[in-house]
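Open the model in your viewer and keep the selection tool at hand. The stops below say what to select next and what is there.

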Amino acid sequence: MHLLSPGPSVDDRALEDLYAYPTELTRPFVQVNFVASADGAATVSGRSRGLSSPADKKVFALGRDLADVVLVGAGTALTEGYRGIKRTELRASRRSRLGLTDIPPIAVVTGNGSVDPMSPLITDTTVPPIVLTSNTAPTDWRKAVADAGADVVVTGEDRVDPAAALTALADRGLLRVCCEGGPTLFADLIAANLVDQLCLTVSPLLTGAGAVRIAEGLPAAAPVDLTLESVLADDGFLMLRYRTKAASGPE
């Protein structure tokens, strides 16, 4: 056991190295980003922003900068007011230096077609979004979303199959996957044993009962062992980075 004590500050390049995806990927590597209160809540008043901090937002933005694609559930995207990812000078220079495309697309998961074809998530974007849906979504809706500019992919019968969704992303050359939630999608990924890394910011806040946890929905067959890879601290916030034992490789 070690006591976390104040240490040197971490610059942007050191953060890049710390959160870098593995090199020479041959399959999707799924990193999941979440912020939670000290008593385990994923939201305050239904949204995550009340839990965040400047340091957490910096790590969140870095997750997007290093990824091939940002994966998000439709509920979270709509609640948090998602639009297409925007170009910034830092993002552009970082991604150019790392050999990535200018801006990563957002891949939104909606099994029943809950995303409005005219929503900013679909229309206010530089890079066409990917809509991962199921055969239960209405055909007319799928056509409307495609006509609005999205890449619509059926990845399941009654609901989106997370493994099929990741295969669809891999078929498009998108292997560095940054998942931004929400809790239902995270639970699905855990249940399918598809999570490689969890970046969890713990907020120094007690919210009390009522809020959802970061994983809600489909239960996993068994707990998944994690290894703690790094800990950063800033103004009472802890930025924890865990990897699954399989993603960490042999000890």
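Begin with the strands: 9 of them form an open sheet with mixed pairing, in the order β5-β4-β3-β2-β6-β1-β7-β9-β8. Select residues 151-154 and then 226-234 to see the edge strands, β5 and β8, each of which pairs on one side only. On average, neighbouring strands of this sheet are turned by 20° against each other, direction ignored. Keep in mind that this is a predicted model.

Next, select β1 together with β7. These two strands run parallel and are joined by 7 bridges. For one place to look, pick Val 35: opposite this residue, in β7, stands Thr 201.

Now move to helix α2, residues 54-66. How far apart should the ends of this helix be? The helix has 13 residues, and at 1.5 Å a residue these should span 18 Å. The end C-alpha atoms are 18 Å apart, so the model agrees with the expected span. Colour the buried residues of α2: Ala 55, Asp 56, Val 59, Leu 62, Gly 63, Arg 64, Asp 65 and Leu 66. While looking along the helix, remember that an α-helix has 3.6 residues a turn, so residues three or four places apart point the same way.

The next stop is the largest pocket, with a volume of about 770 Å³. To find its centre, select Ser 48, Arg 49, Phe 60, Glu 80 and Tyr 82, the closest to the centre among the 34 residues that line this pocket. The elements giving two or more residues to this lining are β1 (29-37), α2, α3 (74-79), β7 (197-203) and β9 (237-244). Which element gives the largest share of the lining? That is α2, with 5 residues. Coloured by class, the lining of the largest pocket shows 13 nonpolar, 13 polar and 8 charged residues.

Last comes the second largest pocket, which holds about 470 Å³ of space. Select Phe 186, Ile 190, Arg 213, Ile 214 and Ala 215; of the 27 residues lining this pocket, these lie nearest its centre. Two or more residues of the lining come from each of β1, α8 (183-191) and β7. Here α8 gives the most, with 5 residues. Use the class colours again: the lining of the second largest pocket has 20 nonpolar, 5 polar and 2 charged residues.

To finish, show β1 and β7 once more. Both strands give two or more residues to the lining of the largest pocket, and both do so for the second largest pocket.

How values were computed
Residues numbered from 1 in each chain as written. Predicted model: local features only at pLDDT ≥ 70, side-chain atom pairs only at ≥ 80, totals over all residues. Heavy atoms only, no water. Helix = DSSP H or I, 4+ residues; strand = E, 2+ residues; numbered from the N terminus. Expected span 1.5 Å × (residues − 1). Buried < 20%, exposed > 50% of the residue type's maximum accessible area, 1.4 Å probe, protein only. 1 Å grid on protein atoms, 1.4 Å probe; cavity = no way out; pocket = protein on both sides within 12 Å on 5 of 7 lines; lining within 4 Å. Points joined across faces, edges and corners; volume = space filled by probe spheres on them. Nonpolar A, V, L, I, M, F, W, Y, C, P; charged D, E, K, R; others polar. Pairing = 2+ DSSP bridges. Axes fitted to C-alpha atoms, helices over the stretch in contact; angles between N-to-C directions.
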